[in-house]
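Me: I'm new to this structure and would like a close look at one part of it. Could you walk me through it in a friendly way?

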Amino acid sequence: MDLLYIFAATDGGGMLRSTDNDATWRKCENGLTHAYIRSVSVDSLGYIYACSGGDGIFRSTDNGESWSHADEGITDGSVYSSTCSPEGHVFVGTVLRGVFRSTNNGVSWREVGLPNSTVTSITSNPSGQVYASTVHGAICRSTDTGGSWQLWTPRTQFSQVTCVR
C-alpha cells in the first residue's frame with residue numbers, strides 16, 4: 001500500500017509531514033532556508049512546492065525528504081500562495097510582483113499577470129481557469145493559463161480576500 005503524505009505549512013515552524021494519516025507529524029525541512037512557509041501544493045508528477053514568506057519557492061521531488069530552491073525568474077522573495085493546474089503549470093502569487101507561472105515543474109518562472117499586486121491566494125479548477133485574490137479585495141480570473149487576467153469581482157465588494165479555492 002502506498003503511503004499517504006500530508007504536508008502542513010507553518011508560520012515560523014517550517015514544513016511538517018505526516019505519513020500515518022495525521023497521527024504523528026515530523027519536520028521535513030532538509031534544504032529549506034526559511035521557517036515561514038505560506039503555502040504548499042503538489043503537481044501531477046508528485047513534486048511538492050513550498051512557498052516561503054521571504055526566501056522564494058522550494059521544490060521537493062522526494063516527498064519532502066529534501067528541498068531545493070526552485071525560483072529562477074521570480075523577482076519577489078515573498079511568495080504567498082501556489083497552485084498546480086491540470087495542464088501541468090505551476091502558479092505562484094507574490095507579495096509585490098503579482099503572479100508567476102512555471103511550465104517546466106518549477107525549473108524557471110515567468111511573470112504572467114497582476115504586476116505590482118499582492119496576491120494573497122491562487123487556485124485553479126479542472127477546466128484550467130486560474131483565480132487570484134489580492135490584498136485590495138479583487139478576485140481576478142485567467143481563462144488562458146495566465147496569459148491574460150480579468151477582474152472577476154468588483155473591488156468594492158470585498159475589503160480584502162485572503163483565500164480562494
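Which backbone nitrogen does the side chain of S52 reach, and at what separation? Please also show me the strands around that spot and how they sit in the chain.

Reply: Happy to help. Please keep in mind that this is a predicted model. The side chain of S52 reaches the backbone nitrogen of D55, at 2.7 Å.

Let's start with S52 itself. S52 belongs to strand β5. With a relative accessibility of 0%, S52 falls in the buried class, for which the cut-off is under 20%. Leaving out residues up to four places away in sequence, S52 touches H34, Y36, I37, R38, F58, G77, S78 and V79. One of these, F58, sits in the strand β6 that we turn to now.

Strand β5 covers residues 48-52, strand β6 covers residues 57-60, and the two pair in the antiparallel sense over 4 bridges. As a general point, strands of a sheet pair through backbone hydrogen bonds, either parallel or antiparallel. You can follow the pairing residue by residue: Y49 is opposite R59 of β6, and A50 is opposite F58 of β6. Between the two strands of this hairpin there are 4 residues, and G56 has a positive phi near 80 degrees.

Now look along β6. The side chains of a regular strand alternate between the two faces of the sheet. In β6, I57 and R59 point one way while F58 and S60 point the other way, and all of them are buried.

On to the next strand. β6 is also joined to β7, by 2 bridges, and these two run antiparallel. R59 is a handy residue to follow here: it stands opposite Y49, and in β7 its bridge partner is S68.

Stepping back, these strands are part of an open sheet of 4 strands, ordered β4-β5-β6-β7, with antiparallel pairing. The edge positions go to β4 (37-42) and β7 (68-69); each has a single partner strand, so one side of each is left without a neighbour in the sheet. I37 and R38, which S52 touches, fall within the residue range of β4.

How does this part fit into the whole? The chain has 0 helices and 15 strands. Its radius of gyration is 15 Å, close to the 15 Å that the globule rule gives for 165 residues, so the chain is as compact as a globular protein of that length. Along the principal axes, the C-alpha atoms fill a box of roughly 45 × 30 × 30 Å. Buried residues account for 46% of the 165 residues, and S52 is one of the buried ones.

Finally, a look at the cores. The largest nonpolar core has 11 residues, among them F91, V112, L114, C140 and W149. Two elements, β12 (119-124) and β13 (130-134), give two or more residues to this core. A second, separate core has 10 residues, including C51, V79, V90 and W109. V79 brings us back to where we began, as it is one of the residues that S52 touches.

Definitions and conventions:
Residues are numbered from 1 along each chain as its sequence is written. This is a predicted model: local features need pLDDT of at least 70, side-chain atom pairs count only at pLDDT 80 or more; totals for chains, interfaces and linings use all residues. Side-chain values use heavy atoms; hydrogens and water are left out. Two strands pair if DSSP finds at least two bridges between them. Buried means under 20% relative accessible area, exposed over 50%, partly exposed in between (1.4 Å probe, protein chains only). A polar contact is a pair of N or O atoms within 3.5 Å; within protein, one must be able to donate a hydrogen and the other to accept it, and residues adjacent in sequence count only if both atoms are side-chain atoms. Contact means heavy atoms within 4.5 Å. The radius of gyration is taken over C-alpha atoms; the globule rule is 2.2 Å times the number of residues to the power 0.38. A nonpolar core is a set of buried Ala, Val, Leu, Ile, Met, Phe, Trp, Tyr and Cys residues joined through side-chain atoms within 4.5 Å.
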